[in-house]
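The following exercises are to be worked with the sequence and the coordinates side by side. Each task is followed by a solution that goes step by step.

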Amino acid sequence: MKRQMLFAGFIAAGLVGCGVPVEPQQDPQQTPPPAEVTPAPEANAAVGEAEQEIIGGAYAYQNQFPYQVRLLVNGGHYCGGTIVNANWIVTAAHCVVGVSPQSIVVVAGDNIINTYESTEQARTIVNYAYHPAFGYAGNAPVHDVAVILLSSPLAFNYAVLPLALPTDTAPLTYLTASGWGNTFAGSGQSNSLKYANLPNNPVSACDGYLLRNLYPNFELCVGYANGIEGGCHGDSGGPLAAGGVLRGIVSWGRGYSCDSYTVFTDVLTYVPWIRSFTG
C-alpha cells in the first residue's frame with residue numbers, strides 16, 4: 001500500500017520538465033549538510049567540479065557490468081546509472097535536474113556506444129525524482145542522488161541485472177567504478193565501457209585537494225590524490241560497486257582536469273529515500 005501511494009504521488013507531482021522534486025518522508029536519522037548549501041540551478045548547467053569518465057583503468061569485456069546503464073539525452077550519451085530493480089534506475093541528481101523526461105532514454109546491456117549489440121534494452125522513462133535536499137555547496141553538489149522510473153520493466157538476463165542496495169558502511173578497500181566518460185581531460189567520451197578498481201579512502205583524505213571538504217556519511221573519497229585512476233566527464237551518475245552491492249554514485253571531482261580524487265554519493269545514507277520509490 002505504501003508503495004502504491006508513493007507511486008501515485010510521484011506521477012501527480014508533475015515533474016515533467018519542471019525540475020521540482022518529489023517530497024517523500026526523509027530518514028529521521030539523516031541530517032542535511034550546513035546551511036551553505038544553495039539551491040540547484042533550474043537548468044542542468046555544466047558545473048566544472050560536478051562532471052566526472054574513467055581515467056586509467058581498463059576496458060570492460062562484454063556484459064562484465066550488467067547493472068550499468070547509459071542515460072541518453074536527445075540521443076547523445078549524457079550520464080551513467082545503475083539498475084536497482086526491473087523498473088528503477090539510480091543516478092546522480094545533477095544528471096537529471098532541468099532535463100525533460102521526454103528527452104531521456106535509458107540503455108541497458110550496452111558496452112560499445114557506436115555498435116548495436118543484441119543484448120541492448122532501451123527504455124524511455126515515465127519520470128524521475130531527485131533528492132529534495134539536492135543543492136550545491138562550494139560549487140559542488142550535495143545529496144546528489146536521483147531515481148528514474150522506466151516506461152516498461154527491463155528483462156533480466158546475463159547482460160542486464162540489478163545491484164543490491166547497501167545495508168552496511170562501504171568498506172575501506174578497493175571498489176569498482178565504471179562508465180563511458182573521458183579517458184583523460186579533454187579527450188571526449190570513451191566509445192567502450194571502462195572500469196577502474198579504486199581505493200575507498202577515509203573522507204578526510206580528500207580535504208585540501210578539491211573545491212571543498214567532503215561531508216562524512218554523505219560522500220565517499222575514492223581514488224588517488226594524483227588522479228592516476230578515477231572518474232571524469234561523462235561518468236556522472238554511474239556506479240561504484242563491490243560484491244553485488246551499489247556503494248556509491250559518481251558525483252564530482254576536479255571536473256576540468258580530472259587529476260585528483262573522485263567524490264561519490266554515499267548510497268547507504270540514501271537507502272530509505274531510494275526505497276520510498278523503488279520498494
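**Exercise 1.** Which backbone nitrogen does the side chain of H131 reach, and at what distance? Place H131 in the chain and state whether the residue is buried or exposed.

*Solution.* The model is a predicted one, and the distance asked for is computed from its coordinates. Begin with the position: H131 belongs to the loop that runs between β7 (121-130) and β8 (135-137). Next, follow its side chain, which comes to 3.0 Å from the backbone nitrogen of A133. Finally, consider accessibility: the relative accessible area of H131 is 1%, and because buried means under 20%, H131 is classed as buried.

**Exercise 2.** Describe the surroundings of V96, and identify the nonpolar core to which V96 belongs.

*Solution.* First, locate the residue: V96 sits in the loop between β5 (88-91) and β6 (104-108), and with a relative accessibility of 0% it counts as buried. Second, list its contacts, leaving aside residues up to four places away in sequence: V96 touches T91, I104, Y128, Y130, A146 and I148. Third, note a pairing over a longer stretch of chain, since the C-alpha atoms of V96 and V145 are separated by 9.6 Å although their positions lie 49 residues apart along the chain.

Fourth, turn to the core itself. The largest nonpolar core has 54 residues, and V96 is among those that touch the most other members, together with V90, V106, Y130, V147, I148 and I274. Helix α2 gives the largest share of this core, namely six residues. Another core, of 10 residues, lies apart from it and includes A196, V222, L240 and F264.

**Exercise 3.** Which residues does V147 touch, and how far apart are T278 and W88 in sequence and in space?

*Solution.* Setting aside residues up to four places away in sequence, the contacts of V147 are W88, I89, V90, N127, Y128, A129, W273, I274 and F277. T278 is placed in helix α2 and is buried, with a relative accessible area of 5%. From C-alpha to C-alpha, T278 and W88 are 6.4 Å apart, while their separation in sequence is 190 residues.

**Exercise 4.** Set out the volume and the lining of the largest pocket, and then those of the largest cavity.

*Solution.* The largest pocket holds about 200 Å³ of space. Its lining comprises 14 residues, and T169, V203, N217, L220 and D266 are those nearest the pocket centre. By character, the lining divides into seven nonpolar, five polar and two charged residues. At least two lining residues come from each of β12 (194-201), β13 (219-222) and α2 (267-278).

The largest cavity, by contrast, contains about 50 Å³. Its lining is made by Q62, N63, Q64, F65, P66, Q68, G109, D110, N111, A159 and L193, which divide into four nonpolar, six polar and one charged.

**Exercise 5.** What are the phi values of N63 and H143, and where does each residue lie?

*Solution.* Recall the general expectation that most residues other than glycine have a negative phi. The phi of N63 is near 65 degrees and thus positive, and N63 lies in the loop between β2 (58-59) and β3 (68-73). The phi of H143 is likewise positive, near 55 degrees; H143 is found in the loop between β9 (140-142) and β10 (146-150), where it is buried with a relative accessible area of 3%.

How values were computed:
Residues numbered from 1 in each chain as written. Predicted model: local features only at pLDDT ≥ 70, side-chain atom pairs only at ≥ 80, totals over all residues. Heavy atoms only, no water. 1 Å grid on protein atoms, 1.4 Å probe; cavity = no way out; pocket = protein on both sides within 12 Å on 5 of 7 lines; lining within 4 Å. Points joined across faces, edges and corners; volume = space filled by probe spheres on them. Helix = DSSP H or I, 4+ residues; strand = E, 2+ residues; numbered from the N terminus. Nonpolar A, V, L, I, M, F, W, Y, C, P; charged D, E, K, R; others polar. Core = buried A, V, L, I, M, F, W, Y, C linked by side-chain atoms within 4.5 Å. Buried < 20%, exposed > 50% of the residue type's maximum accessible area, 1.4 Å probe, protein only. Contact = heavy atoms within 4.5 Å. Polar contact = N/O pair within 3.5 Å; in protein donor to acceptor, adjacent residues only side chain to side chain.
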